[in-house]
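Visitor: I have not looked at this structure before. Could you take me through it one question at a time?

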Amino acid sequence: MPRYEYRCRPCGSTFELNRPMAESSAPALCPEGHEDTVKLLSTVAVGGSASAPARAPSGGGGGGGGCCGGGCCG
């Protein structure tokens with residue numbers, strides 16, 4: 001079940017709730033009982049490794065250049 005983060009406007013506390021996606025926009029009470037809360041925008045961290053830079057495929061034909069699709073403009 002997704003976890004959503006909210007901030008309470010009256011007391012300034014932030015809190016998280018696990019709730020179905022269908023209820024993500026439903027009002028949420030803060031732990032102190034205040035009703036004036038706002039859902040915060042969460043960012044998703046994606047792990048991975050960048051050990052080597054990406055390279056263009058090598059192979060026949062295709063050209064180098066770059067200003068006009070492989071040829072050089074005069």
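The questions and answers below go from the whole chain to single residues.

Visitor: What kind of model is this, and how many helices and strands does the protein chain have?
Guide: This is a predicted model. Along the sequence, the protein chain shows the pattern β-β-β. The count for the protein chain is 0 helices and 3 strands.

Visitor: How much of the protein chain is made up of buried residues?
Guide: A residue counts as buried when its relative accessible area is under 20%. The accessible surface of the protein chain is about 6000 Å², and 53% of that surface belongs to carbon and sulfur atoms. Of the 74 residues in the protein chain, the buried share is 12%.

Visitor: Which side chains of β1 point to the buried face?
Guide: In a regular strand, side chains alternate between the two faces of the sheet. In β1, Arg 3, Glu 5 and Arg 7 point to one face and are not buried. The side chains on the other face, which are buried, are Tyr 4, Tyr 6 and Cys 8.

Visitor: How many bridges join β1 to β2, and which residue in β2 is the bridge partner of Tyr 4?
Guide: β1 and β2 run antiparallel, with 5 bridges between them. The two strands form a hairpin with 5 residues between them, and Gly 12 in the turn has a positive phi of about 80°. The bridge partner of Tyr 4 in β2 is Leu 17.

Visitor: Which residue in β3 is the bridge partner of Cys 8?
Guide: β1 is also joined to β3, by 3 bridges, and these strands run antiparallel. Cys 8 is one of the buried residues of β1. Its bridge partner in β3 is Thr 37.

Visitor: Is Thr 37 buried or exposed?
Guide: Thr 37 lies in strand β3. The cut-off for buried is under 20% relative accessible area. Thr 37 has 17% relative accessibility, so the residue counts as buried.

Visitor: Which residue has a backbone oxygen 2.7 Å from a polar atom of the side chain of Thr 37?
Guide: Leaving aside neighbours within four places in sequence, Thr 37 is in contact with Arg 7, Cys 8, Phe 15, Ala 28 and Cys 30. One of these contributes the backbone oxygen at 2.7 Å from the Thr 37 side chain, and that residue is Ala 28.

Visitor: What is the separation of the C-alpha atoms of Thr 37 and Thr 14?
Guide: Thr 37 belongs to β3. Thr 14 is 23 residues away from Thr 37 along the chain, and their C-alpha atoms are separated by 9.1 Å.

Visitor: Which residues form the aromatic pair, and what is the angle between the planes?
Guide: A search of the whole structure finds 1 aromatic pair. Its members are Tyr 6 and Phe 15, with 5.7 Å centre to centre. Both residues are buried. The pair is stacked, and the angle between the planes of Tyr 6 and Phe 15 is 20°.

Visitor: Which strands does the salt bridge of Glu 16 and Arg 3 tie together?
Guide: The side chains of Glu 16 and Arg 3 meet in a salt bridge at 3.1 Å, N to O. Glu 16 lies in residues 14-18 and Arg 3 in residues 3-8, so the pair ties together parts 13 residues apart in sequence, namely strands β2 and β1.

Visitor: Is Arg 3 buried or exposed?
Guide: Its salt-bridge partner Glu 16 has 44% relative accessibility and counts as partly exposed. The cut-off for exposed is over 50%. Arg 3, at 53% relative accessibility, counts as exposed.

Visitor: Which residue forms a salt bridge with Arg 9?
Guide: A search of the whole structure finds 2 salt bridges. Arg 9 counts as partly exposed at 48% relative accessibility. In its salt bridge the closest N and O atoms are 3.3 Å apart, and the partner of Arg 9 is Asp 36.

Definitions and conventions:
Residues numbered from 1 in each chain as written. Predicted model: local features only at pLDDT ≥ 70, side-chain atom pairs only at ≥ 80, totals over all residues. Heavy atoms only, no water. Helix = DSSP H or I, 4+ residues; strand = E, 2+ residues; numbered from the N terminus. Buried < 20%, exposed > 50% of the residue type's maximum accessible area, 1.4 Å probe, protein only. Areas by Shrake-Rupley, 256 points an atom, 1.4 Å probe, with all protein chains shown as cover. Salt bridge = Lys/Arg side-chain N within 4 Å of Asp/Glu carboxyl O. Pairing = 2+ DSSP bridges. Polar contact = N/O pair within 3.5 Å; in protein donor to acceptor, adjacent residues only side chain to side chain. Contact = heavy atoms within 4.5 Å. Phe/Tyr/Trp six-rings, centres within 6.5 Å; stacked < 30°, edge-to-face > 60°.
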